[in-house]
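Here are my notes after a look through the model, point by point. Keep the structure open next to you while you read.

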Amino acid sequence: MTHRHMTPLDNRLNFSGGPGALPGHVLSQIQESILAVPGVGLSVLGISHRSDWFAAVVSELEDNIRTLLGLPDDYHVLFLQGGATQQFSMIPMTLLHGKTTPAEYLHSGYWSGKALAEAGREGPSRVIWSGEDGGFRRLPGNDELSFSQDAAYLHYVSNETVEGLQFHRVLGRDDVPRVCDMSSDFLSQPCKADRFSLIYAHAQKNIGPAGVTVVLVRDALLKNARTDLPGFLDYRSHIEAHSVFNTPPVFAIYVVLLITRWLLNEIGGLARMADLNRDKAELMYRMLDTSDGFYRGRADAGDRSRMNATFNLASPDMEKRFLAEAEAAGFSGLAGHRSTGGIRASLYNGLELSAVEELAGFMEDFRIQCTKRRVSGAA
Ligand SMILES: *Cc1c(COP(=O)(O)O)cnc(C)c1O
């Protein structure tokens, strides 16, 4: 991304893969709280994490997440630091270290590959399926997967942010703990949370700014976990301290609270959020599929992500031109991940349908313009 803009970008048209667009409604509330949190009088940046106010923030946020997901009481809700990357390590440190039975990992894209590499430092892991040979363009069908009964746990990534692949079902067996990285689709739809032993999601794709990671962990998962970890890396320290083991990212946690209030009160819950996200994704993919091959969707149709639509044009040069013209028209964040190139339109909760309509209009115009140029021989 260039920092030399002729005109300012339009925040409504931010298709960034992460940190992602946040709803305008919440941005206004954040703006106000930087000066003074309503009813408190202090800036959110200068309130003690030991205050009653912050204890109430953590408690309301926890309740909101429980309500949104229908989360049973035997789960702890934690707000941690270190991003999803710290969870890549903390999970095998806690559940795999010293074990002889492997944990099972799905290698479905860039982020699950990162998780897998960290697991290897702690204990035995087994890749039960990898999409690497096929360039991560599809996810496995049930007939390609066999899960063993004695695995330490199963780990997978529900939405591969880089490749634009999303599981539209729950994987694995009910008698092996499911551990899932939901960083890029958390709270974008209902997720049957009670079928997972541990869910983690950093905030910066869908539900807030960078700096906080939500972890939902079933109490039973930690019963026989090792006890010799540094306090900061032990889930139990954070459970006992109600996510205030040390100074937490107060601002980031407050923003996630505002997002959950928005989901509950303005959107009307996760089923409604899922409808809105589905409408955006359908519009986007319809545009790709009716472009006579001008835009080529990257992922197999059945595994397409509702959060990240990835596609290519005929050549890297065409893609460069597309990105430059899109940016000149006010769109941003459309360049694909540095590992894959191409184009990626991220359609997180905060992005409105009207932004996707505008992008679809731009893409249609760009296609017609290029096709004309080619027909007249001007290109
Ligand atoms: C972005 C992303 C990550 C990386 O998270 P950090 O917070 O930067 O550590 C991990 N997993 C998924 C699915 C992601 O989309």
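1. How many of the six residues of strand E1 (residues 75-80) are buried? Five of the six are, so the strand counts as mostly covered. Bear in mind throughout that this is a predicted model. As for its neighbour, E1 pairs with strand E9 (residues 213-218) in the antiparallel sense, over six bridges. If you want a spot to check the register, take Leu80, which stands opposite Thr213 in E9.

2. Strand E2 (residues 103-107) goes further into the cover: five of its five residues are buried, so the strand is largely enclosed by the rest of the structure. You can check both faces by eye. Ala103, Tyr105 and His107 sit on one side and Glu104 and Leu106 on the other, and all of them are buried. That split fits the usual pattern, since side chains in a regular strand alternate between the two faces of the sheet. Note that Glu104 and His107 are both on the buried list here.

3. What is E2 joined to, and in which sense, parallel or antiparallel? The partner is E3, and the two run parallel, with five bridges between them. Within that pairing, Tyr105 has Val127 of E3 as its bridge partner.

4. Now the ligand. The shell around the ligand has 14 residues, and the closest are Thr85, Thr161, Asp181, His202 and Lys205. By type, the shell divides into four nonpolar, eight polar and two charged residues. Helix H3 (residues 83-95) is the element that gives the most to this shell, with four residues.

5. Which side chains are worth a closer look for polar contacts with the ligand? Three of them have an N or O atom to show you. The side chain of Asp181 has one 2.7 Å from a ligand nitrogen. For Lys205, the distance is 2.6 Å, this time to an oxygen atom of the ligand. Gln204 also reaches a ligand oxygen with its side chain, at 3.0 Å. As for cover, the ligand taken alone exposes 390 Å², and the protein buries 87% of that.

6. Don't go hunting for disulfides: the structure holds zero. Why is Cys180 not in one? Its sulfur is 8.0 Å from the closest cysteine sulfur, the one in Cys191, and that is too far for a bond. The cut-off used here is 2.5 Å between the two sulfur atoms. Looking from the other end, Cys191 is in no disulfide either, with the sulfur of Cys180 as its nearest, 8.0 Å away. Both cysteines count as buried, Cys180 at 0% relative accessibility and Cys191 at 14%.

7. Thr260 is a nice detail in helix H6 (residues 250-267). Is the residue buried or exposed? It counts as buried, because its relative accessibility is 0%. The Thr260 side chain does have a polar partner, the backbone oxygen of Leu257, at 2.7 Å.

8. Towards the end of the chain there is an open sheet of three strands, in the order E10-E11-E12, with antiparallel pairing. Strand E10 (296-297) and strand E12 (343-346) are the edges, each pairing on one side only. Strand E11 (residues 308-312) is joined to E12 by four bridges, again in the antiparallel sense. Phe311 stands opposite Ile343 in E12, if you want a pair to click on.

9. Finally, some backbone geometry that I would inspect by hand. The peptide bond from Gly18 to Pro19 is cis, with omega near -10°. Pro19 belongs to the segment before helix H1 (24-35).

10. Two residues other than glycine have a positive phi to look at. For Phe136, phi is near 55°; the residue lies in the loop between strand E3 (125-130) and strand E4 (154-157). For His242, phi is near 50°, and its place is in the loop between helix H5 (235-240) and H6. Their surroundings contrast: Phe136 is buried, with a relative accessible area of 12%, whereas His242 is exposed, at 59%.

Note on methods. Residues are numbered from 1 along each chain as its sequence is written. This is a predicted model: local features need pLDDT of at least 70, side-chain atom pairs count only at pLDDT 80 or more; totals for chains, interfaces and linings use all residues. Side-chain values use heavy atoms; hydrogens and water are left out. A residue is near a molecule or strand if one of its heavy atoms lies within 4 Å of it. A polar contact is a pair of N or O atoms within 3.5 Å; within protein, one must be able to donate a hydrogen and the other to accept it, and residues adjacent in sequence count only if both atoms are side-chain atoms. Accessible areas come from the Shrake-Rupley method with a 1.4 Å probe; for residues, only the protein chains shown count as cover. Ala, Val, Leu, Ile, Met, Phe, Trp, Tyr, Cys and Pro count as nonpolar, Asp, Glu, Lys and Arg as charged, and the others, Gly among them, as polar. Buried means under 20% relative accessible area, exposed over 50%, partly exposed in between (1.4 Å probe, protein chains only). Two strands pair if DSSP finds at least two bridges between them.
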